[in-house]
Amino acid sequence: MDRWRVHKFGGSSVADAICMERVARILEEDPNPRLGVVLSACRGITDALLNVVAAAERQDDGVDRRIEEIRKRHQVIADTLLTGEPRTQFLATLEQDCRDIAGILHTVQLIRAASQMIRDLISGYGEIWSTRLFSAYLRARGKRPGRVEWVDARDVVSVEWGSLGPAVRWDVSQQNIDRIVPADPAVTLIITGFIARDAKGLQTTLGRNGSDFSGSIFGALLDAGEIIIWTDVDGVLSADPRLVPDAKVIDSLSYNEAMELAYFGAKVIHPQTMAPAVTKGIPIWIRNTFAPEKPGSLICANPTSELAVKGIASIDRCALVNLEGAGMIGVPGTAHRLFGALRDHGMSVILISQGSSEHSICFAIPEHEAVRAEAVVREAFESELRQGQIQSVEVDTGCSILAVVGDGMAGSHGVAAKVFGALGSAAVSVRAIAQGASERNISVVIDGKHSSRALRAVHSSFYLSQHTISIGLIGPGLVGGVLLDQMASQIERLSRDLKLDLRVRGIMSSQRMHLANIEVPLNHWRDAVSATGEPADLTRFADHIHADHLPHAVIIDCSASAVIAARYPEWLAAGIHIVTPNKKANSGDLGLYAQLRDARKQGGSHFLYEATVGAGLPIIQTLRDLRDTGDEIYRIEGILSGTLAYLFNVWDGSEPFSSVVRTAKSKGYTEPDPRDDLSGIDFARKLIILGREMGLNLELGDVQLESLVPPALTACGPEEFLERLPEFDVPMAQKLAAARSRNRVLRYVGSLDAATGKASVGLVELERSHTFANINLTDNVVRFLTRRYNENPLVVQGPGAGPEVTAGGIFGDLLRVCAYLGAKL
């Protein structure tokens with residue numbers, strides 16, 4: 001005959017009619033013919049029933065109203081799921097139960113006190129109602145093989161309450177289950193969780209987490225092959241997801257690992273609830289009712305998971321008590337006296353740490369016990385304190401305990417180093433350390449205000465790739481948008497082939513920003529950004545991107561904003577890497593330029609800006625390579641404006657210069673205001689960037705600049721500028737004619753001379769055979785004259801403008817940052 005399989009569904013799983021229908025489908029899809037199904041009360045009902053008892057003790061006038069609200073909630077579910085006689089029968093029983101509760105509470109109101117027996121009796125109705133309702137519903141659906149039977153756990157489970165809570169009377173309970181459970185090869189038992197009877201036959205409960213305990217008890221009594229605990233999470237998580245957004249579902253863990261994690265506050269089933277299953281070696285699954293397709297987590301004797309560390313948990317609001325004195329050294333029984341005194345006063349110790357010198361013993365306790373613990377210790381060692389054998393009893397409150405748990409830690413090299421390295425990198429100081437001989441757990445006491453940061457940092461060191469990078473993009477316009485699209489097309493390949501985990505976690509425009517806890521879905525980032533957002537805030541944006549639980553942070557600035565560029569030193573000093581095509585930082589005030597260099601050294605960060613000159617062309621990188629390898633730069637010259645390259649490539653005098661400008665604007669080759677190109681300011685900024693890379697201390701005012709904007713047209717609007725530009729066609733035509741008379745061409749060229757430190761930008765006449773005279777329409781071209789490349793200069797040429805190539809240059813810089821951080825590209 002098939003072994004039993006026990007399912008246990010929590011309150012959130014049976015919260016309403018929709019949830020109960022989902023549970024029914026899960027059970028109907030289980031091929032096992034023999035199921036034990038333990039249900040909690042509908043979500044919130046147990047608390048509501050206990051609140052009614054409390055209201056009766058206060059003689060609250062709203063007792064009857066509260067009972068009616070509870071009754072109506074169950075009636076709504078019954079009206080949805082049941083019809084005919086099953087509905088009538090359930091509602092009649094519900095009505096009678098509510099009258100009974102009202103009668104009991106009337107007595108409570110009179111005497112203003114409720115015994116524990118009354119609390120147990122009334123709080124247990126929630127499970128009775130949920131299971132009666134659900135068993136009638138599942139039976140009416142008729143899709144489970146064999147019979148569907150309701151089982152009242154009070155007729156089966158007998159317990160005795162002791163100092164450790166309820167202890168199951170196994171012999172009695174086993175006799176009860178053997179008598180009640182049918183021997184049918186196919187049967188589904190719907191069992192009340194949480195409730196039981198004591199040795200006197202009086203109703204009691206199994207305490208908080210009692211329904212989970214019921215699931216484990218019935219798993220043992222039925223000798224089940226496995227127990228499945230259904231809840232509202234995908235399984236046992238590696239950390240609290242409220243504190244660690246990247247918490248992972250643990251595929252499998254041992255009973256000991258689960259108990260360790262539960263002890264230190266992880267949301268695993270309570271150790272006591274596992275005890276019956278552990279005794280019989282029954283595997284326990286933790287699965288999500290709302291996502292039954294997910295595999296969940298397996299808790300068993302011999303898990304197969306390859307993870308050395310299964311989880312990181314923490315206990316907050318702790319106090320650290322330190323007993324210290326030279327008189328303790330070599331004196332037997334000190335620890336016995338200390339912890340015996342605490343035991344005698346009913347105080348539980350969470351963690352103990354003692355140095356090999358025996359000079360001090362420290363231990364952690366719940367913070368609310370701190371004052372009492374200090375008094376107990378001082379009383380126990382009153383004589384030694386008075387005589388100076390013990391120097392101090394110190395109590396530090398506001399502490400937290402961080403625990404790293406995993407059976408695989410035993411014998412694994414570098415686990416402790418990784419834990420303390422992560423804490424050190426997160427600037428978290430350790431107050432005390434404890435590790436058992438099993439090496440299953442490393443626990444540290446830290447300042448409570450650093451608890452979340454420490455948890456995220458340690459979790460990141462074990463569960464995230466060292467090449468996980470938090471990315472924030474500013475300026476999702478033409479270039480920024482194309483960059484995000486390029487990243488979307490390559491992100492899967494980069495993850496698969498290079499193990500790069502690139503996460504765009506924030507996108508900010510001039511007015512709004514969208515922040516994501518884990519990452520923005522790049523395949524439809526526009527929808528995500530338009531659907532949600534908040535006012536743009538550079539400080540909050542940078543803080544979000546520079547998350548303490550992620551190894552690295554990069555801000556990509558695709559704006560042209562001087563305000564944003566002014567924030568670069570702050571970000572770089574904080575350790576945020578910057579990638580940008582924004583020229584304002586490197587071509588601005590020399591003071592800002594110096595700050596950038598100092599901040600980069602201070603923060604150990606990288607600042608890449610290849611796309612500021614020549615878009616995607618490797619101009620800056622080439623210049624750096626030349627200098628870094630010992631070459632001497634004599635001169636740099638080139639055409640660094642695609643707009644101006646186009647204008648002088650196509651203008652042959654057959655039409656006025658103003659007409660060529662208007663045509664270029666109509667084709668999108670110029671800025672909305674063509675003067676931004678014709679002024680040469682943007683070109684000059686690029687020249688300054690190159691000059692500073694050469695070691696020249698250039699300011700914008702140092703550049704000899706020839707603007708092509710007539711002085712009379714500098715102050716008018718863009719449309720008026722285009723209308724009046726023909727007035728100045730004659731001087732331009734004369735320049736072209738003069739060049740052609742000497743068989744030369746006009747080109748707008750910039751040059752840098754290392755020897756003189758001079759920089760100039762303007763129109764020059766070139767031989768028709770010159771490299772700059774023979775480029776494609778919108779190409780950029782740069783010629784390096786160096787000690788190595790003297791007679792035959794080094795030339796870099798190609799498209800120097802456009803969103804695709806500019807975005808490609810930025811993307812390349814981002815990947816260079818990854819390489820600098822250790823990624824194998």
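The protein has a radius of gyration of 37 Å, whereas a compact globule of 825 residues would have one near 28 Å. That radius is taken over C-alpha atoms, and the globule rule is 2.2 Å times the number of residues to the power 0.38. The model is predicted: local features need pLDDT of at least 70, side-chain atom pairs count only at pLDDT 80 or more, and totals for chains, interfaces and linings use all residues. Residues are numbered from 1 along each chain as its sequence is written, and side-chain values use heavy atoms, with hydrogens and water left out.

## Overall build

Along the principal axes, the C-alpha atoms fill a box of roughly 120 × 80 × 55 Å. The secondary structure comes to 29 helices and 31 strands. These are DSSP runs numbered from the N terminus: helices are H or I with at least four residues, strands are E with at least two.

Of the 825 residues, 52% count as buried. Buried means under 20% relative accessible area, exposed means over 50%, and partly exposed lies in between (1.4 Å probe, protein chains only). The protein exposes about 35800 Å², and carbon and sulfur atoms supply 50% of that area. Accessible areas come from the Shrake-Rupley method with a 1.4 Å probe; for residues, only the protein chains shown count as cover.

Contact means heavy atoms within 4.5 Å. Among contacts with a separation of 6 or more, 73% are between residues 24 or more positions apart.

## Charges and salt bridges

There are 85 positive and 98 negative side chains, and the centres of the two sets lie 1 Å apart. Lys and Arg count as positive, Asp and Glu as negative; His and the chain ends are not counted. Each charge is placed at NZ of Lys, CZ of Arg, CG of Asp or CD of Glu.

The structure holds 46 salt bridges. A salt bridge is a side-chain nitrogen of Lys or Arg within 4 Å of a carboxyl oxygen of Asp or Glu. Three of the pairs are listed here.

| Pair | Closest N to O |
|---|---|
| Arg5 and Glu226 | 2.6 Å |
| Glu69 and Arg65 | 3.0 Å |
| Lys735 and Glu706 | 3.2 Å |

Take Arg5 and Glu226, which form a salt bridge. Arg5 lies in strand E1 (residues 5-9) and Glu226 in strand E9 (residues 226-231), so the pair ties together parts that are 221 residues apart in sequence. Both Arg5 and Glu226 are buried.

Glu69 and Arg65 sit within one helix, H3 (residues 63-81), four residues apart, about one turn. Glu69 is partly exposed at 47% relative accessibility. Arg65 is partly exposed too, at 48%.

The closest N and O atoms of Lys735 and Glu706 are 3.2 Å apart. Lys735 lies in helix H28 (residues 729-741), and Glu706 in the loop between strand E27 (703-705) and helix H27 (718-724), so this salt bridge joins parts 29 residues apart in sequence. Lys735 has a relative accessible area of 36% and is partly exposed. Glu706 is also partly exposed, at 26%.

Salt bridges also form a network, which links Glu68, Arg71, Glu95 and Arg99.

## Selected positions

Ile471 belongs to strand E19 (residues 468-474). Its relative accessible area is 0%, so Ile471 counts as buried. Leaving aside neighbours within four places in sequence, Ile471 has contacts that include Met487, Leu502, Val504, Ile545, Val554, Ile556 and Leu814. From Ile471 to Pro283 the C-alpha distance is 41 Å, with their positions 188 residues apart in sequence.

Ser254 is in strand E10 (residues 252-254). Ser254 is buried, at 3% relative accessible area. Beyond neighbours within four places, Ser254 touches Ile299, Cys300, Ala301, Pro303 and Asp407.

Ala733 is found in helix H28. This alanine is partly exposed, with a relative accessible area of 37%. Ala733 and Val151 are 101 Å apart, C-alpha to C-alpha, and 582 residues apart in sequence.

## Backbone angles

Most residues other than glycine have a negative phi. Which phi does Gln59 have, positive or negative? Gln59 has a positive phi of about 60°. Gln59 lies in the loop between helix H2 (45-57) and H3, and is partly exposed at 34% relative accessibility.

Arg317 also has a positive phi, of about 55°. Arg317 is in strand E13 (residues 311-324). With a relative accessible area of 63%, Arg317 is exposed.
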